[in-house]
Amino acid sequence: MNERKGLILDFGGVLTTPLLTSVTEFERDEGLSQGSVVRQLSSDHEVLRLTEDLERGSVTQAQWNKVAALRIGVSPGNLLGRIFSGLRPEPLMYEAATAARRQGIRIGLLSNSVGRDPWDLYADCDLDTTFDAVLISEDHGLRKPEPAIYEQMLKMLELPASACVFVDDSRHNLPPAAAKGMATVHAQEPRATITEIQNLLGINLLS
């Protein structure tokens, strides 16, 4: 008998279309070379530190926008909202989460925040009715991959790590969850991701 009774999902890139696709669209719309935004922001130590602080809720989105805009040479107004304006919900993943919940699986959302003003990543999502527990990093002063955030998620779900499957599109967020005893899935193509989840939970999630 399968003892796994919890499914913990990341938001951006798992329950939405890929982040990189939206970034590429932003680069095209702003007349930037493809890949330039990721290269610039991922190699700048100040921006990396600021991003971590944003995820913990200790700096504002407007502060992040101002610094990042200078690095990539664009206007700062609602920069994160513009970068990720191409994100769309991933219907198959929502369908799978709903099917799992219907079959008695507790569903958790574990997401690194990017602030909520002026742009709110979760604005059009009914989180409270979709998930049994919602953990947005800025609300707790923690961020993935800090081990404490996974512990907090487990407490909110009221499940042991061994009973949970954790799904994230960022590989570096998976090892701390695995170290605690969770089964982990690196989210890529939705159907392949759902197949892995099904195998781990021992239930069917797609009609």
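**Chat about a five-stranded sheet and its surroundings**

Mentor: Let's start in the sheet: strand 1 (residues 6-9) and strand 2 (residues 106-111) run parallel, joined by four bridges. Strands here are DSSP runs of E, at least two residues, and helices are runs of H or I, at least four, numbered from the N terminus. Two strands pair if DSSP finds at least two bridges between them. Keep in mind that this is a predicted model, where local features need pLDDT of at least 70 and side-chain atom pairs count only at pLDDT 80 or more, while totals for chains, interfaces and linings use all residues. Residues are numbered from 1 along each chain as its sequence is written, and side-chain values use heavy atoms, with hydrogens and water left out.

Trainee: Ok, which residue in strand 2 is the bridge partner of Leu 7?

Mentor: Ile 107.

Trainee: And in what order do the five strands sit?

Mentor: The order is 3-2-1-4-5, in an open sheet with parallel pairing. Strand 3 (133-136) and strand 5 (183-186) are the edge strands, each pairing on one side only. On average, neighbouring strands are turned by 15° against each other, direction ignored. For angles, axes are lines fitted to C-alpha atoms, for helices over the stretch in contact, and the values run from 0 to 180 degrees between N-to-C directions.

Trainee: Which strands does helix 8 touch?

Mentor: Helix 8 (residues 147-157) packs on the sheet and touches strand 1, strand 2, strand 3 and strand 4 (164-168), contact being heavy atoms within 4.5 Å. Its direction makes about 150° with that of strand 2.

Trainee: Let's do strand 4. How many of its residues are buried?

Mentor: Five of the five, so strand 4 is largely enclosed by the rest of the structure. Buried means under 20% relative accessible area, exposed over 50%, partly exposed in between, with a 1.4 Å probe and protein chains only.

Trainee: Which way do they point?

Mentor: Cys 164, Phe 166 and Asp 168 point one way, Val 165 and Val 167 the other. In a regular strand, side chains alternate between the two faces of the sheet.

Trainee: What about the partners of strand 4?

Mentor: Four bridges join strand 4 to strand 1, and four join strand 4 to strand 5; both pairings are parallel. Gly 6 has Cys 164 as its bridge partner, and Asp 168 has His 186. From strand 4 the chain crosses through helix 9 (residues 174-179) to strand 5, a right-handed β-α-β crossover. Right-handed means that, with the strands pointing away from the viewer, the path from the first strand over the helix to the second runs clockwise.

Trainee: Back to strand 1. Is Asp 10, in the loop after it, buried or exposed?

Mentor: Asp 10 is buried, at 6% relative accessible area, in the loop between strand 1 and helix 1 (19-30). Leaving aside neighbours within four places in sequence, its contacts include Lys 144, Asp 168 and Asp 169.

Trainee: New topic: how many aromatic pairs are there?

Mentor: Three in the whole structure. Rings of Phe, Tyr and Trp (its six-membered ring) pair if their centres lie within 6.5 Å; planes under 30 degrees apart count as stacked, over 60 as edge-to-face and the rest as tilted. Phe 84 and Trp 119 have ring centres 6.0 Å apart and planes at 25°, so that pair is stacked. Both residues are buried, and they sit 35 residues apart.

Trainee: Last one: how many disulfides?

Mentor: Zero, counting cysteine sulfur atoms within 2.5 Å as a disulfide. Cys 164 is buried at 0%, whereas Cys 125 is partly exposed at 23%.
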